[in-house]
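Open your viewer and have the selection box ready. We will go from stop to stop, and at each one you will select something and look at what is there.

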Amino acid sequence: MPSKIPRPLSPRHTRLSEDDNSESKPSSNAFAVLMSSHKENDAWKEATVAEDRNFRPTKQNGGRRKAPFYKVLQGMPIAIDAFRYGTIPGVAAYFLTHAHSDHYTNLSSNWKSGPIYCSEGTANLIIHMLDVDPKWVHSLPLDVPSVIPNTGGVQVTPIEANHCPGSCLFLFEGPQTVNAGDSVYKSPYIGSSRTFRYLHCGDFRASPKHILHPAVKDKRIDHVYLDTTYLDPKYCFPPQPLVISACAELARRIVSGRSVSGQEAHLKGQSRTMTSWLMSQDKAITSSTVEVDASAKVLVVVGTYSIGKERIVKAIAHALNSKVYCDKRKAAILRCQSDPELDALLTSNPLDAVVHVVPLSVITSDRIKEYVDRFKGHFDRAVGFRPTGWTFTQPNGSDTLPSISTILAKSRQRQFTYANLSPTRNSTSTYQLYGVPYSEHSSFFELTCFALSFNWGKMIATVNVGSERSRGRMRRWVEAWEKEKKARLKDAIIPYRTPDYW
Ligand SMILES: [Zn+2]
């Protein structure tokens, strides 16, 4: 088992030093000095060189890639999701936000560059999947600050990220003591008595809960390292909890043989409706009310990556009162997540469960048939769910450059029910496949609500930063948020529907 980090702080330690009055300062923007105008662009250019695809380790380049500036916290000996750069000069603590491969690149049983800090679920996963020596791995308790050894007194609070199991945001608080890392840009704040706060979002799906968290609420955050995967208004997919309920309800209706004709009304105006799709199938359906053959035993198959999307699986299993089956390899990974609810659902007998978890690639018309054929005599039909953020397409005529107020007004109304799920074109009456607009990254709307809801100095993009064009596009949105925040005069949280989503 991973070793525990020493001592979560007692509440009396959670107060910051007296000289920290940065909350009240409108813009004591540390990064503005380091990264203003052309310097910022130069730093990104330096980062682009560091990420060069053709990089080969040689004696001249020190045998390792240089870590870009945004992988090492300004003034602190702390690196985040930076394992591909090996031993980074001056870094005493290596953090991992979650166990997705693009975040732990190069982490393996050979790791010996320093202690790794992460959540308990992530610790279990990297030891199990990557064979990292447990002596390096320190799991951190969620929601409480812990002091990180050898960092000059920096403390960190991990906050659940609403991404994959074990994923977290890290809120760092402490002094600037050292220029660690490879960047030529140095901080002018080393040795100052100020406490700096950095929020690293890793990958996350922003929710009001993140803003309401005691470690974030009413605080001034100097730098936010933002998961900018969908920082583009074309990505305005519906709230996650609504999509999860929609999948569970659709599965329940299909498996119980109930009418799914309700889809017709909801889909009015869209080009294809569930009813029109069913009517075009080989079994001609003449009535507008569609009854599914209740005697046919239906298998529900959910496609997932190595970790992530478990919430859909659990919701469908509960709706069908079923166990969940997956192969041994996948089950071992699921058990790393320390999720008693999921553990209780798992079975090793495929015939014991009407919900099966399979690799995403199985949810195609050919592969699903092949899969269900293995259980001939037990299941006659299958419904396949393929959850991915990319299945959502914007309705025609959508505004590609909406104003912030338009974004807020439109998105807040969004609903999503089972009737919004329509089968893919190559579905048949025996194998129905559904693309599900489900993402474990924030939609553009959620990023906007998140950014407008708290007091921050600098947003630093961590995804899609490879080209100047893409960085420029993202910078314009960050500037639009800054302008909107100024116009609002104070940092009040954007009104939300539930603490789980805006
Ligand atoms: Zn991820």
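## Stop 1: the zinc site

Select the zinc ion together with its protein donors: H98 (NE2), H100 (ND1), H163 (NE2) and D203 (OD), which lie 2.1 to 2.3 Å from the ion. Keep in mind that this is a predicted model. Now check the geometry. The four donor atoms make angles of 90 to 163°, and the site is irregular. Along the sequence, the donor residues follow the spacing H-x1-H-x62-H-x39-D.

Next, keep just H100 and H163 in the selection. H100 sits in the loop between β3 (93–95) and α3, while H163 sits in the loop between β7 (155–160) and β8 (168–174). This pair links distant parts of the chain, 63 residues apart. Are H100 and H163 buried or exposed? Both H100 and H163 are buried.

## Stop 2: the second largest pocket

Select S101, D102, H103, D203 and V463. Of the 41 residues that line the second largest pocket, these lie nearest its centre. You met D203 a moment ago as a donor of the zinc ion. The pocket holds about 920 Å³ of space.

Which helix gives the largest share of the lining? Helix α3 (residues 101–104) does, with four residues. Now colour the lining by class. You should find 15 nonpolar, 17 polar and nine charged residues.

Then colour by domain. Domain 1 covers 3–10 + 37–52 + 63–234 + 444–488, and domain 2 covers 240–436. Each of the two domains gives at least three residues to the lining of this pocket.

## Stop 3: two long-range pairs

Select G202 and V463. G202 lies in the loop between β9 (196–200) and α5 (208–212). Why does G202 count as buried? Its relative accessibility is 3%, and buried means under 20%. G202 and V463 are 261 residues apart along the chain, yet 9.7 Å separates their C-alpha atoms.

Now select L226 and K458. L226 belongs to strand β10 (residues 220–226). L226 has a relative accessible area of 1%, so it is buried. In sequence, L226 and K458 are 232 residues apart; in space, they are 10.0 Å apart from C-alpha to C-alpha.

## Stop 4: helix α9

Select residues 310–320. This is helix α9, and it is mostly covered. How many of its 11 residues are buried? Eight are. Show their side chains: E310, I312, V313, K314, A315, I316, A317 and L320. Step just past the end of α9 to N321, which takes a positive phi of about 55°.

## Stop 5: more positive phi values

Most residues other than glycine have a negative phi. Two further residues to visit here have a positive one.

Select D131. Its phi is near 60°, a positive value in a residue other than glycine. D131 is placed in the loop between α4 (120–130) and β5 (137–139). Because its relative accessibility is 53%, D131 counts as exposed.

Finish with N464. It is not a glycine, but N464 has a positive phi of about 60°. Look for N464 in the loop between β17 (455–461) and α15 (468–488). N464 has a relative accessibility of 39%, so it counts as partly exposed.

Notes:
Residues are numbered from 1 along each chain as its sequence is written. This is a predicted model: local features need pLDDT of at least 70, side-chain atom pairs count only at pLDDT 80 or more; totals for chains, interfaces and linings use all residues. Side-chain values use heavy atoms; hydrogens and water are left out. On a 1 Å grid over the protein atoms alone, a cavity is a set of points where a 1.4 Å probe fits but cannot get out, and a pocket is an open set with protein on both sides within 12 Å along at least five of seven lines; lining residues have an atom within 4 Å of a point. Grid points are joined across faces, edges and corners, and a volume is the space filled by probe spheres set on the points. Helices (H or I, at least four residues) and strands (E, at least two) are DSSP runs, numbered from the N terminus. Ala, Val, Leu, Ile, Met, Phe, Trp, Tyr, Cys and Pro count as nonpolar, Asp, Glu, Lys and Arg as charged, and the others, Gly among them, as polar. Domain bounds come from an automatic or database domain assignment. Buried means under 20% relative accessible area, exposed over 50%, partly exposed in between (1.4 Å probe, protein chains only). Donors are N, O and S atoms within 2.8 Å of the metal (3.2 Å for Na, K and Ca); water is not among the atoms, so sites may look incomplete. Four donors count as tetrahedral if all angles lie between 85 and 135 degrees; four count as square planar and six as octahedral if opposite donors are over 155 degrees apart and all others between 65 and 115; anything else is irregular.
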